[in-house]
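Colleague: Got a minute to go through this one with me? I'd like to talk about charge pairs, cysteines and helix packing.

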Amino acid sequence: MAPKNRIIIDTDPGVDDVLAMLLALSASPEELEVVMISVTYGNVPLQNCLRNVVALFHVLEKEMRWRESTGKTSSAFGALRAFKPIVAVGPEHPLEDDELMADHFHGADGLHGVHEKHPHLTPADTWRSLFTSDADAPVESGELAPYSALFTPSKTAAHKEILRILREEPEDTITIVAVGPLTNVALAAAEDPETFLRVKELVVMGGAVEVEGNVTPNAEFNCYADAVAAARVYALTSPIPTSTMPPVIHNKSSLGPYPVKLSRQLKLTLFPLDITTPQELMREPFNDKTQSLIEAGSPLAQWTETFINGAFKKIESLLGDGSEPALSLHDPSCIWYMLNRDDPAWRTVPKLEDIRIETSGQWTRGMHVVDRRIRAKAGDKDTTVQTHPEDPLDAVTFDEVPGDTLGWLSVNKGNRINRMVAFPGDTFFAEGLLARLFE
């Protein structure tokens, strides 16, 4: 049976990114296929993010062998057994902004020192040869086996691999789940917008709409880290992408404009902090689930215990009030959606929202801006005259409002974001995640 959903995960592994990948790979082959993991910078520098992805597969290979040796008949990681994902790497920096790291939370390696604490669970640095064409880094025959048994390394840039997959696979069969800065996604969209728009859906963990940010008072980390990339990607949801594209500063832009006419609009489902922060993993249930497995020798339990409890300790120090630390499952929330998207309890906004990304504000970069004014839109009236009715893009529309220079009151301008506002089984999510990973 073909998987219900086929996804590309675009990620900058840190802690919750790794949990998201583990959750995806733990699926059954009927539920999910991870076609590709597209690696970007973000929580830590790019090469550290890439090492964490390679280490994840290294640990899972050891875990699967351990389970077999101990007679465990778990069906976990069926998707990984059935499908071999590609791993490809993107650029080391944002499109136009300075590089931003979150190593103050995730640790210098992105996983709270796990590679130093468990060197036996960390692949040797020769894995770097899998992703480079550097002639000075030869790879001995047979050296690839420890690293490529469960994934296929690519020396092609991540955004080009994204486009190749979207071009070769049937339209509307691949979903991109973006849980890091949107640089790789923006590069793919800019290079070949029509191929990129063959994507079924873009699921984005990013932004803070009605709550405070987590990196500034207004901004969430992923969108702040490359606000220009986020703005460009969001613009593809608009009937008129030029209406929300980021301004070109000093006549310089790393990427050009989109074509005037595109065949379709991007379907973008947004998981902002509003919906992901309340999805929490608590320390006691995690340790209860993993302690006996650690004692029994589970590589996965040993590995995850280091960075999950490292995150709990960091949260505890940040709170400073003695309260029980809780790890918000930001990125895994998007994977939970892919695994359970048919659940009717998922709820999005009743009408697509015009959410725009601030890219040039001194204090507001990365902010998700919504027009909260109660004002009539002239275009809500029947004021559209089409010169060619068979072509919905060929229209003269009288929806301009005097003084509305940014098009907030236009029904044609602005973005069309499908924001998630209700999460099914809030209390069951963390329990379900642990069950999938460790039972």
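**Cysteines, charges and a helix pair**

Modeller: Sure. C223 is buried, with a relative accessible area of 2%. Keep in mind that this is a predicted model.

Colleague: And C334, is that buried or exposed?

Modeller: The cut-off for buried is under 20% relative accessible area. C334 comes out at 0%, so by that cut-off C334 is buried.

Colleague: How many disulfides does the count come to?

Modeller: A pair of cysteine sulfur atoms has to lie within 2.5 Å to qualify. By this rule the number of disulfides is 0.

Colleague: On to the charges. How many salt bridges turn up in the whole structure?

Modeller: Side chains of opposite charge can pair when their charged atoms come close. Searching the whole structure for such salt bridges gives 23.

Colleague: Take E169 and R6: how many residues apart in sequence are the parts they tie together?

Modeller: The closest N and O atoms of E169 and R6 are 2.9 Å apart, and the two form a salt bridge. E169 sits in the loop between α7 (158-168) and β5 (174-178), while R6 belongs to strand β1 (residues 5-11). So the parts this pair ties together are separated in sequence by 163 residues.

Colleague: What is the relative accessible area of E169?

Modeller: E169 is classed as partly exposed. Its value is 24%.

Colleague: Where in the chain do E210 and R372 lie, and how many residues apart are they?

Modeller: Their side chains form a salt bridge at 4.0 Å, N to O. The pair links distant parts of the chain, with E210 in the loop between β6 (201-205) and α10 (221-225) and R372 in the loop between β12 (368-369) and β13 (384-386). Both residues are exposed. Their separation is 162 residues.

Colleague: What about R373 and D371, how exposed is each, and which residues form a network?

Modeller: R373 and D371 meet in a salt bridge at 2.8 Å, N to O. R373 is partly exposed at 44%, and D371 is partly exposed at 23%. As for the network, salt bridges with shared partners join E210, E353, R372 and R419.

Colleague: Last one: what is the handedness of the crossing of α1 and α15?

Modeller: The axes of α1 (residues 15-25) and α15 (residues 330-339) come within 7 Å and cross at roughly 20°, which means that α1 is roughly parallel to α15. Contacts involve, among others, L19 and L23 from α1 and I335 and W336 from α15. The crossing is right-handed.

Terms used
Residues numbered from 1 in each chain as written. Predicted model: local features only at pLDDT ≥ 70, side-chain atom pairs only at ≥ 80, totals over all residues. Heavy atoms only, no water. Helix = DSSP H or I, 4+ residues; strand = E, 2+ residues; numbered from the N terminus. Buried < 20%, exposed > 50% of the residue type's maximum accessible area, 1.4 Å probe, protein only. Axes fitted to C-alpha atoms, helices over the stretch in contact; angles between N-to-C directions. Parallel < 35°, antiparallel > 145°, perpendicular 65-115°, else oblique. Left-handed = near helix turned anticlockwise from the far one by under 90°. Contact = heavy atoms within 4.5 Å.
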